[in-house]
Amino acid sequence: MQTGRRDRADDLAQMTCLRALEKHAGYQPGTHLDRWMFRIAHRLWLNELRATAVRTGGGLVALEETEIPDQRVNTETNIFARQVFSKVGELPESQRVTVLLVYVEGFAYKEAAEILNIPIGTVMSRLAAARKKIAGELAETETGT
C-alpha cells in the first residue's frame with residue numbers, strides 16, 4: 001500500500017495489527033500470514049480512502065505531500081526513481097496496488113491475485129497497462145513531446 005505519508009502508514013500498520021488480533025479466530029493454519037495481513041491492510045486502506053473521499057471530496061494524497069526516502073545512491077538514480085514513483089502514484093488505485101504488490105513487495109502474480117481476490121489474468125492485465133502507461137509517459141518526458 002502506498003499511503004503517501006509516514007504517519008498514515010504507521011496508523012494503517014497499527015489498525016492492521018489490531019484487526020488481525022480481533023479476527024484471529026478466522027485465521028486458518030497453513031495460510032500465508034503475510035498475505036492474510038496484507039489483505040486486511042488493503043481492505044482497511046480502501047475503507048480509509050472511501051471515508052476520506054466522503055469527508056473531503058478527494059481521498060488521495062497529493063504527490064507533493066508524499067514522503068519518499070532518499071537513499072542517496074546518486075542524484076541521477078534518485079531523480080529517475082522519483083519520476084517512476086510519481087508515475088506509479090498517478091496510476092488508478094487498482095493498477096497502483098497491483099504494481100506495488102508485485103514489483104515492490106515481490107509477490108508472484110498468483111499470490112497478488114489471491115491477495116486482491118481477482119483472477120491472475122487481471123493481475124497481468126493491470127501490470128501490462130501500468131507498464132505501458134509509465135513507459136509512455138517517461139518516453140514523453142525524455143523526448144519532450
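**Exercise 1.** Work out how the side chains of Arg35 and Glu114 meet, and where the two residues sit.

*Step 1.* Look at the charged ends: the side chains of Arg35 and Glu114 meet in a salt bridge, with 2.8 Å from N to O. That fits the cut-off, since a salt bridge is a side-chain nitrogen of Lys or Arg within 4 Å of a carboxyl oxygen of Asp or Glu. Side chains of opposite charge can pair when their charged atoms come close.

*Step 2.* Now find the two partners in the chain. Arg35 belongs to helix 2 (residues 33-56) and Glu114 to helix 5 (residues 109-116), so the bridge links distant parts of the chain, 79 residues apart. Helices here are DSSP runs of H or I with at least four residues, strands are runs of E with at least two, and both are numbered from the N terminus.

*Step 3.* Check how covered each one is. Arg35 counts as buried at 11% relative accessibility, while Glu114 counts as partly exposed at 34%. The cut-offs are these: buried is under 20% relative accessible area, exposed is over 50%, and partly exposed is in between (1.4 Å probe, protein chains only).

A quick word on the model: it's a predicted one, where local features need pLDDT of at least 70, side-chain atom pairs count only at pLDDT 80 or more, and totals for chains, interfaces and linings use all residues. Residues are numbered from 1 along each chain as its sequence is written, and side-chain values use heavy atoms, with hydrogens and water left out.

**Exercise 2.** Describe the salt bridges that Lys87 and Glu93 form.

*Step 1.* Start with the total: the structure holds five salt bridges.

*Step 2.* Lys87 pairs with Glu137, and their closest N and O atoms are 3.6 Å apart. This pair also links distant parts of the chain, with Lys87 in helix 3 (residues 75-90) and Glu137 in helix 6 (residues 120-143), 50 residues apart. Lys87 counts as buried, at 18% relative accessibility.

*Step 3.* Glu93 pairs with Arg96, the closest N and O atoms being 2.4 Å apart. Both are in helix 4 (residues 93-104), and because they are three residues apart, about one helical turn separates them. Arg96 is buried, with a relative accessible area of 6%.

*Step 4.* Bridges can share partners too: Arg35, Glu111 and Glu114 are joined into one network that way.

**Exercise 3.** Find which residues Gln83 touches, leaving out those up to four places away in sequence.

*Step 1.* Place it: Gln83 is in helix 3, and at 32% relative accessibility it counts as partly exposed.

*Step 2.* List its contacts (heavy atoms within 4.5 Å). Gln83 touches Leu138 and Thr141.

*Step 3.* Compare sequence with space: Gln83 and Ile134 are 51 residues apart in sequence, yet 9.5 Å apart from C-alpha to C-alpha.

**Exercise 4.** Say which residues touch the most other members of the largest nonpolar core.

*Step 1.* Get the term straight: a nonpolar core is a set of buried Ala, Val, Leu, Ile, Met, Phe, Trp, Tyr and Cys residues joined through side-chain atoms within 4.5 Å.

*Step 2.* The largest core has 19 residues, and Val88, Leu91, Val99, Leu101 and Val123 touch the most other members. Helix 4, helix 5 and helix 6 each give two or more residues to this core.

*Step 3.* Zoom in on Leu91: among its contacts are Arg96, Val99 and Ile134.
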